[in-house]
Amino acid sequence: MDARTNRARSDLEEKIAELGPWFHNMEIGGVRTAPDHFLGDYPAFKWAKFKHVLPDDLQGRSVLDIGCNAGFYSLEMKRRNAGRVLGIDSDPHYLRQARFAAEYSGLEIEFREMSVYDVAKLGAMFDLVIFMGVLYHLRHPLLALDLIHDHVVGDLMLFQCLQRGSERIPDLAGDYDFSEEDIFDRPDYPKLFFVEERYASDPTNWFFPNKAATEAMLRSSGFVIEANPEPEVYLCRRGERHYAADPPPIPR
């Protein structure tokens, strides 16, 4: 390795450190962004378990990555020949990282600072929406799913949510008498666990569903589950929302 190469690597390491801390442990020019990540090689090790559910060639399809963080999934979609790729996040710190990673990789990706609750303002439907690791950080999870369904998912959604509690899926009736109370004590009944303060030192962790609640919320919001390749990951297709669910309000 000559002096010029050493200098270039040193400059890259300095830039990556300057943009830290990183939650996505990405490899940029041979440099790891978060080599000491508490989850290890995240999100690459998780992606390896479910990447087969998406086509290797996305053939110019449009992709929206909601809560894109440093852009790991946005970059992967562009590498699979996606057409328009737009990553949105409410945190400008992560967007700076994402823009740097995309520019260094020579990939044309749009990034915008935007809340999930504002997706209607995009005025576009996307062939694929990626909604990974965001729902449990939201104060209004069902509203977010309703807005995503109505305003941006044209066909498919790749979804992931941290889960706690029972992993069993119960066989439930469509209705229960008002006097029925015992059903709610079952560990496998669809449940959302509310975190008032912190979980894993993170004050933005608000709700954790068990597996039954995750699937029920997806169905209620109008998503048809087509695959569950990894315990917390679902590939969904856009369907019809629950008959009793009002259309979500469009933020001004």
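Helices and strands are here taken as DSSP runs, of at least four residues for a helix and at least two for a strand, and both are numbered from the N terminus. In this predicted model, the chain contains six helices and eleven strands. The radius of gyration of the chain is 20 Å, which is close to the 18 Å given by the globule rule for 252 residues, and the chain is therefore as compact as a globular protein of that length. Along its principal axes, the C-alpha trace spans about 80 × 35 × 35 Å.

With regard to burial and contacts, 48% of the 252 residues in the chain are buried. Where contacts join residues at least 6 apart in sequence, 60% of them link residues that are at least 24 apart. The surface that the chain exposes amounts to about 13,300 Å², and 49% of this area is supplied by carbon and sulfur atoms. As for charge, the chain carries 29 positive and 41 negative side chains, and the centres of these two sets lie 5 Å apart.

One residue may be described in further detail. Q163 is located in the loop that lies between β7, which covers residues 153-160, and β8, which covers residues 192-194. The relative accessible area of Q163 is 10%, and because buried means under 20%, this residue counts as buried. When neighbours within four places in sequence are left aside, Q163 is in contact with P209, K211 and T214, and also with P231, E232 and Y234.

Methods: Residues numbered from 1 in each chain as written. Predicted model: local features only at pLDDT ≥ 70, side-chain atom pairs only at ≥ 80, totals over all residues. Heavy atoms only, no water. Rg over C-alpha atoms; globule rule 2.2 N^0.38 Å. Buried < 20%, exposed > 50% of the residue type's maximum accessible area, 1.4 Å probe, protein only. Contact = heavy atoms within 4.5 Å. Areas by Shrake-Rupley, 256 points an atom, 1.4 Å probe, with all protein chains shown as cover. Lys, Arg positive; Asp, Glu negative; His and termini not counted. Charge placed at Lys NZ, Arg CZ, Asp CG, Glu CD.
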